Every structure is written in structure tokens, then in C-alpha cells.
Amino acid sequence: RTINSPRALEHVLPPSSEELQQGTATITCLANKGFPSDWSLSWKVDGSGSISWEESRSPVVLQNDGLYSWSSTLRLPADRWMKVGSVTCEATQGCQALVSEPLRRDHCPQS
């Protein structure tokens, strides 16, 4: 049932240059058109999970179409971000998984 699938995981937003200058990197993953009770978001940095970052999830928002959207935020020190190759966001429900396009640090503008 595709209606239960977050259909948009392509929105992975990189940190701003102003934020990096302050020593922090925040990356946001937006998941749309899914049911939050069924799906969970997780992060992979350079292909693996880790406990060396801070992760948080936004409150769930009910859209006009009756489906939900939510986001997950990844925070890590700016110096660690400068060593990262890529970041992906993954939505999972049981055996199903949707993975975002990798956010590659070297493709992001640097200040």
C-alpha cells in the first residue's frame, strides 16, 4: 500500500555557512506523505550509523491530504562535518526502507 510510504525523502538539507562558522553543522531530513506511527527515520554518515552525533525528530504535522510529514535533524561539530564524505537519511517500516539521495559534503558550498 503505497499510501503508507513516505514518498518524498529527497529533501536532505545541508548546514548553512553561517552555522558552520559558529562550529556546528545541522542537516535536516524531511519526510512527506507517510504515517509516523509506521515509519521511523535514521541517519547514516559515510554509510554507517554512529552514536557520535545528536539526532532529534520534529513534531508530526498533519497535512491537508490527511497524510503526515515530519523531519529528523542531525547535529554534529563543524570540524567533524568537514571530514564527512556523505550523509543519507533512511525511512524504515518493518522490512521496507526508503533511502534519500546522498548529501555529499564536497558538493555543498563552503564559506
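**Figure 1. The surroundings of S72 in strand β6.** In this predicted model, S72 touches I27, T28, C29, L41, W43, E55, S56 and R57, when residues up to four places away in sequence are not counted. S72 itself has its place in strand β6, and because its relative accessibility is 2%, under the 20% limit, this serine counts as buried. One of the residues it touches, W43, is also a polar partner, since the side chains of S72 and W43 are joined by a polar contact of 2.9 Å. The view can also take in L30, which is 42 residues from S72 in sequence, while the two C-alpha atoms are 6.8 Å apart in space.

**Figure 2. The salt bridge between K44 and E90.** The structure holds one salt bridge, in which the side chains of K44 and E90 meet at 3.5 Å, N to O. This pair links distant parts of the chain, with K44 in strand β3 (residues 40-45) and E90 in strand β7, 46 residues apart. Side chains of opposite charge can pair when their charged atoms come close. Is each partner buried or partly exposed? E90 counts as buried because its relative accessibility is 17%, which is under 20%, whereas K44, at 29% relative accessibility, counts as partly exposed.

**Figure 3. The wider contacts of E90 in strand β7.** Strand β7 spans residues 86-93, and E90 is found within it. Leaving out residues up to four places away in sequence, E90 touches S40, L41, S42, K44, A97, L98 and V99. Among these residues, K44 is the one already met in the salt bridge with E90, and the side chains of E90 and K44 are also described as joined by a polar contact of 3.5 Å.

**Figure 4. The disulfide between C29 and C89.** The structure holds one disulfide, and this bond joins C29 to C89 with a distance of 2.1 Å from S to S. The two cysteines belong to distant parts of the chain, for C29 lies in strand β2 and C89 in strand β7, 60 residues apart. The torsion about the S-S bond of C29 and C89 is about -85°, so the disulfide is left-handed. Both C29 and C89 are buried. A further cysteine, C95, can be set beside them for contrast: C95 has a relative accessibility of 85% and therefore counts as exposed.

**Figure 5. The largest nonpolar core and its member V87.** The largest nonpolar core has 21 residues, and of these V12, I27, W43, L74, L76, W81 and V87 touch the most other members. At least two residues of this core are supplied by each of β2 (24-34), β3, β6 (68-77), α2 (78-81) and β7, and the largest share, four residues, comes from β2. A closer look at V87 shows contacts with W43, K44, V45, L74, W81, E101, P102 and L103, not counting residues up to four places away in sequence.

**Figure 6. P15 in the loop between β1 and α1.** P15 lies in the loop that runs between β1 (8-13) and α1 (17-21). Although it is part of a loop, P15 is buried, because its relative accessible area of 11% falls under 20%. Leaving aside neighbours within four places in sequence, P15 is in contact with L20, A25, T26, I27 and W81. R105 may be included in the view as well: P15 and R105 are 90 residues apart in sequence, and their C-alpha atoms are 9.6 Å apart in space.

**Figure 7. The whole chain, as a setting for the close-up views.** The protein contains two helices and nine strands, which follow the pattern β-α-β-β-β-β-β-α-β-β-β when read along the sequence. Of its 111 residues, 40% are buried, and among the contacts with a separation of 6 or more, 59% are between residues 24 or more positions apart. The mean pLDDT of the protein is 80, with 80% of the residues reaching 70 or more. Among the elements, α1 has the highest mean pLDDT (92) and β1 the lowest (71). Where pLDDT is low, the predicted coordinates should not be read in detail.

Technical notes. Residues numbered from 1 in each chain as written. Heavy atoms only, no water. Buried < 20%, exposed > 50% of the residue type's maximum accessible area, 1.4 Å probe, protein only. Polar contact = N/O pair within 3.5 Å; in protein donor to acceptor, adjacent residues only side chain to side chain. Contact = heavy atoms within 4.5 Å. Salt bridge = Lys/Arg side-chain N within 4 Å of Asp/Glu carboxyl O. Core = buried A, V, L, I, M, F, W, Y, C linked by side-chain atoms within 4.5 Å. Disulfide = S-S within 2.5 Å. pLDDT = per-residue confidence, 0-100.
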